[in-house]
Amino acid sequence: MGFVLIVSLAWLVLMLFTSMNKKLTFIENTFVYLVALVIHINFTWIVYEELNMAKISQQILDNSAFLIHRSITLPLTVAITMNLFRTAPSFGSKLFKTTLSVLFLVVAVVIALYFDIVEYKKWNIGYEIIYLILLHLVVQYLLKHFGQLKTRGVNEA
C-alpha cells in the first residue's frame with residue numbers, strides 16, 4: 001500500500017509539473033531539478049548509509065518507493081515551488097508556497113514512515129522539516145546565482 005501511495009504522489013507531482021504554466025526556462029527547470037536531486041541523494045546517503053540515523057526497507061517495492069520519492073517526487077516538488085516563486089508578489093506569498101511544498105513532502109515522508117518504507121533511528125520528522133526548508137533555501141539561492149551567471153555570460157559576449 002505504501003508503494004501505491006508514493007507512486008500516486010509521484011504521478012500527481014509529475015502531472016502538475018507537466019501541465020503547469022512554467023515561469024522558469026527549460027534550462028532553469030533542469031538546473032533546479034538536478035540541484036535538488038544531487039543534494040537530496042547526497043543527504044540521504046549521508047544520513048541513511050553513513051550515519052545510520054535511519055534505515056531504508058530492503059523489500060523490493062518499499063525500496064522502489066523510496067527511490068521514486070527521492071528521484072521524482074522531491075526534486076519535481078522543489079521545481080514546482082521555484083516556478084511558483086516567480087509569480088509570488090510578496091515575501092509572505094513565497095513563504096506560504098514554501099510551507100505548502102514542505103508540508104506536501106512531509107506527508108510523503110509520513111506515508112513512508114507509516115508503511116515502514118523508512119525507519120528513523122536517531123532521526124525525526126523535525127529534522128526532516130528543517131532539512132526540507134534548508135533545501136528550498138539553497139536551491140533558491142543557487143537558482144538566483146545561476147540566473148546571474150547566465151546574464152553575465154550574455155553581457156560579456
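Q: Which helix gives the most to the lining of the largest pocket?
A: In this predicted model, helix H5 gives the most, with five residues. Both H4 (91-114) and H5 (125-156) supply at least two residues of that lining.

Q: How do you know what kinds of residue line the largest pocket?
A: Sort the lining residues by type. Phe, Leu, Ile and Tyr count as nonpolar, and Lys counts as charged. The lining includes Phe 85, Leu 95, Ile 133, Tyr 141 and Lys 94. The full lining divides into six nonpolar, three polar and one charged. The volume of this pocket is about 240 Å³.

Q: What makes up the lining of the second largest pocket?
A: Seven nonpolar residues, three polar and one charged. Among them are Leu 12, Ile 80, Thr 81, Lys 97 and Phe 104. Helices H1 (2-19), H3 (60-87) and H4 each give two or more residues. This pocket has a volume of about 200 Å³.

Q: Why is Tyr 127 called partly exposed?
A: Its relative accessible area is 42%. Buried means under 20%, and exposed means over 50%. The value of 42% falls in between, so Tyr 127 is partly exposed. Tyr 127 lies in helix H5.

Q: What makes Tyr 127 fit the area cut-off for a patch?
A: A patch residue needs over 30% relative accessible area. Tyr 127 has 42%, so it passes that cut-off. Tyr 127 belongs to a nonpolar surface patch with Val 110, Ile 125, Ile 129, Ile 130, Ile 133, Leu 134 and Leu 137. Together they have about 680 Å² of accessible area.

Q: Which helix gives the most to the nonpolar patch?
A: Helix H5, with seven residues.

Conventions
Residues are numbered from 1 along each chain as its sequence is written. This is a predicted model: local features need pLDDT of at least 70, side-chain atom pairs count only at pLDDT 80 or more; totals for chains, interfaces and linings use all residues. Side-chain values use heavy atoms; hydrogens and water are left out. On a 1 Å grid over the protein atoms alone, a cavity is a set of points where a 1.4 Å probe fits but cannot get out, and a pocket is an open set with protein on both sides within 12 Å along at least five of seven lines; lining residues have an atom within 4 Å of a point. Grid points are joined across faces, edges and corners, and a volume is the space filled by probe spheres set on the points. Helices (H or I, at least four residues) and strands (E, at least two) are DSSP runs, numbered from the N terminus. Patches are made of residues with over 30% relative accessible area and no salt bridge: like charges are joined within 9 Å, nonpolar side chains (Val, Leu, Ile, Met, Phe, Trp, Tyr) within 5 Å. Accessible areas come from the Shrake-Rupley method with a 1.4 Å probe; for residues, only the protein chains shown count as cover. A salt bridge is a side-chain nitrogen of Lys or Arg within 4 Å of a carboxyl oxygen of Asp or Glu. Buried means under 20% relative accessible area, exposed over 50%, partly exposed in between (1.4 Å probe, protein chains only).
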